Amino acid sequence: MIKMAFSPEGQGCLRPPINMGERLVLQITDLNHDGKGVGKHEGFTFFIGGALPGERVEVSVTRVRKSYAEAELLAIIDPSPARVQPPCPYYSRCGGCSLQHFAYDEQLKWKQRRVYESL
C-alpha cells in the first residue's frame, strides 16, 4: 500500500518537495532492504546507493515518486566509521556486491536487525 503525504490543513495530497536533477545534502539514518542508504529531506524519504548510516552526503535526485525518491551519490561529506575500502577492484562498476564498502561486523549487525524486524 502506498502512503500519500497530506497537507496539515487536510486539503489533499502534497507534491513531493523535490525535482529530478536537484542536488541536496542528506544525513543517512539507515539502510533499506536493498542496502541503499535512507535519508530524509523535508520529511520526504530518499534512497541512495553506496551511502551508509551516519554519513552526510551530497546527492543528485534521479527518480521521484509519490512517497519516495532515489538519488545518485555525488560526494561523501562526512564518512561513516563503518566505511571501508571494498576488496574487489570492480566493486564500483559491477554492482554484484552492494555492501563491500560496509565493514563486515557492521554488516552482520545490520543483517541481524533486518531478520529480527522481519519476524
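Visitor: In which sense do β3 and β5 pair?

Guide: The model is predicted, local features need pLDDT of at least 70, side-chain atom pairs count only at pLDDT 80 or more, and totals for chains, interfaces and linings use all residues. Residues are numbered from 1 along each chain as its sequence is written, and side-chain values use heavy atoms, with hydrogens and water left out. Strands (DSSP runs of E, at least two residues) and helices (runs of H or I, at least four) are numbered from the N terminus, and two strands pair if DSSP finds at least two bridges between them. With four bridges joining them, β3 and β5 pair in the sense called parallel.

Visitor: Which residue in β5 is the bridge partner of T45?

Guide: β5 covers residues 68–78, while β3 covers 44–48. The bridge partner of T45 in β5 is Y68.

Visitor: In what order do the five strands close into a barrel?

Guide: The pairing in this barrel is mixed. Neighbouring strands are turned against each other by 50 degrees on average, direction ignored, where the axes are lines fitted to C-alpha atoms and angles run from 0 to 180 degrees between N-to-C directions. The strands close in the order β1-β2-β3-β5-β4.

Visitor: How many residues apart in sequence are the parts that R83 and E55 tie together?

Guide: R83 forms a salt bridge (a side-chain nitrogen of Lys or Arg within 4 Å of a carboxyl oxygen of Asp or Glu) with E55, their closest N and O atoms being 2.6 Å apart. R83 lies in the loop between β5 and α1, and E55 in the loop between β3 and β4, so the parts that the pair ties together are separated in sequence by 28 residues.

Visitor: Is E55 buried or exposed?

Guide: Buried means under 20% relative accessible area, exposed over 50%, and partly exposed in between, with a 1.4 Å probe and protein chains only. Its partner R83 is partly exposed at 24%, whereas E55, at 0% relative accessibility, counts as buried.

Visitor: Which strands hold R56 and D78?

Guide: R56 and D78 form a salt bridge, with the closest N and O atoms 3.3 Å apart. The pair ties together parts that are 22 residues apart in sequence, because R56 lies in strand β4 and D78 in strand β5.

Visitor: Which residues are linked with R113 in a network of salt bridges?

Guide: R113 and E117 meet in a salt bridge of 3.2 Å, N to O, and, being four residues apart in helix α2, they are separated by about one helical turn. The residues linked with R113 in the network are D30, R114 and E117.
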